[in-house]
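Work through the three exercises below with the structure open. Each task is followed by its solution in steps.

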Amino acid sequence: MNVVAVTKVFGSNEDNKVIALNGVSVKIEAGEFTALVGPSGSGKSTLLNVVSGLDHPTSGEVLLQNELISDKTGDEMSDFRRDNIGFIFQAYNLIPVLTVAENIEYVMLLQGKDRHHRRELVAQILKEVDLVGYEDRFPQQLSGGQQQRVAVARAIVSQPKIVLADEPTANLDSENGKSLVELMYRLNRNHNMTFLFSTHDSMIMEAANRIITMKDGVIIDDKIR
């Protein structure tokens, strides 16, 4: 993923204008486990939204898989995001009327993958996230940590090019948070899957092989470990 001189401005006049990103350029290589850190309002979540195509930059370019995603239309971006980008949200964002298995296979259903292939992949990922036996439960029947594991499984089951995680451990206690970080780190190592986090969690920072620090909409530090 390559972000080139991206600026994002909210508000249409000088009285309410907020420059959330100010000329940000950064390249995320395949297989990285990277943490975006910085105070609230530094631009971390806005950057995730822009690189995912949920927001369009005011200026600049975002490229993924050598495709310029910052210029795609709504429908084009929805299709591209479905096939190339996984999401893990702070609030899990599971579909309450679907079972664990149905939540995990939902994106693959949208991708048009056949039922047998979907079920094979769901069975495989349930083992990896330690949720075998929970496939027929509904989200409200799970703990917070289990719900977030379902969210991780859904994000990575179709092996997207990059997984974007916005404060994924924020609603978890320390034990479940540690377990989730270890899970994502293992998935990163076993599948060379790229993870980009927006986080305040020291456990994610300790696991990350790269830490990008933001403040006031700009990158002020970028360390590879």
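**Exercise 1: a helix pair**

In this predicted model, helix α3 (residues 100-111) packs with helix α5 (residues 144-156) at an angle of about 30°, the axes lying 7 Å apart. Determine whether α3 is roughly parallel or roughly antiparallel to α5, and describe the residues of their contact.

Solution.
1. Angles under 35 degrees count as roughly parallel, so α3 is roughly parallel to α5.
2. The crossing of α3 past α5 is right-handed.
3. From α3, the residues V100, N103, I104 and V107 meet V150, A153 and R154 of α5.
4. By type, the residues of this contact are five nonpolar, one polar and one charged.

**Exercise 2: two positive phi angles**

Y92 has a positive phi of about 70° and D130 one of about 60°, though Y92 is not a glycine and neither is D130. Locate Y92 and D130, and decide for each whether the residue is buried or exposed.

Solution.
1. Y92 sits in the loop between β6 (85-89) and α3.
2. The relative accessibility of Y92 is 11%; buried means under 20%, so Y92 counts as buried.
3. D130 belongs to the loop between α4 (115-128) and α5.
4. The relative accessible area of D130 is 61%; exposed means over 50%, so D130 is exposed.

**Exercise 3: the surroundings of T7**

Place T7 in its element, classify its accessibility and list its contacts.

Solution.
1. T7 is part of strand β1 (residues 2-10).
2. T7 has 14% relative accessibility and therefore counts as buried.
3. Its side chain reaches the backbone nitrogen of G23 at 2.9 Å.
4. Neighbours within four places in sequence aside, T7 is in contact with L21, N22, G23, P57, T58 and S59.

Note on methods. Residues are numbered from 1 along each chain as its sequence is written. This is a predicted model: local features need pLDDT of at least 70, side-chain atom pairs count only at pLDDT 80 or more; totals for chains, interfaces and linings use all residues. Side-chain values use heavy atoms; hydrogens and water are left out. Helices (H or I, at least four residues) and strands (E, at least two) are DSSP runs, numbered from the N terminus. Buried means under 20% relative accessible area, exposed over 50%, partly exposed in between (1.4 Å probe, protein chains only). A polar contact is a pair of N or O atoms within 3.5 Å; within protein, one must be able to donate a hydrogen and the other to accept it, and residues adjacent in sequence count only if both atoms are side-chain atoms. Contact means heavy atoms within 4.5 Å. Axes are lines fitted to C-alpha atoms, for helices over the stretch in contact, and angles run from 0 to 180 degrees between N-to-C directions. Angles under 35 degrees count as roughly parallel, over 145 as roughly antiparallel, 65 to 115 as roughly perpendicular and the rest as oblique. A crossing is left-handed if the near helix is turned anticlockwise from the far one by less than a right angle, and right-handed if clockwise. Ala, Val, Leu, Ile, Met, Phe, Trp, Tyr, Cys and Pro count as nonpolar, Asp, Glu, Lys and Arg as charged, and the others, Gly among them, as polar.
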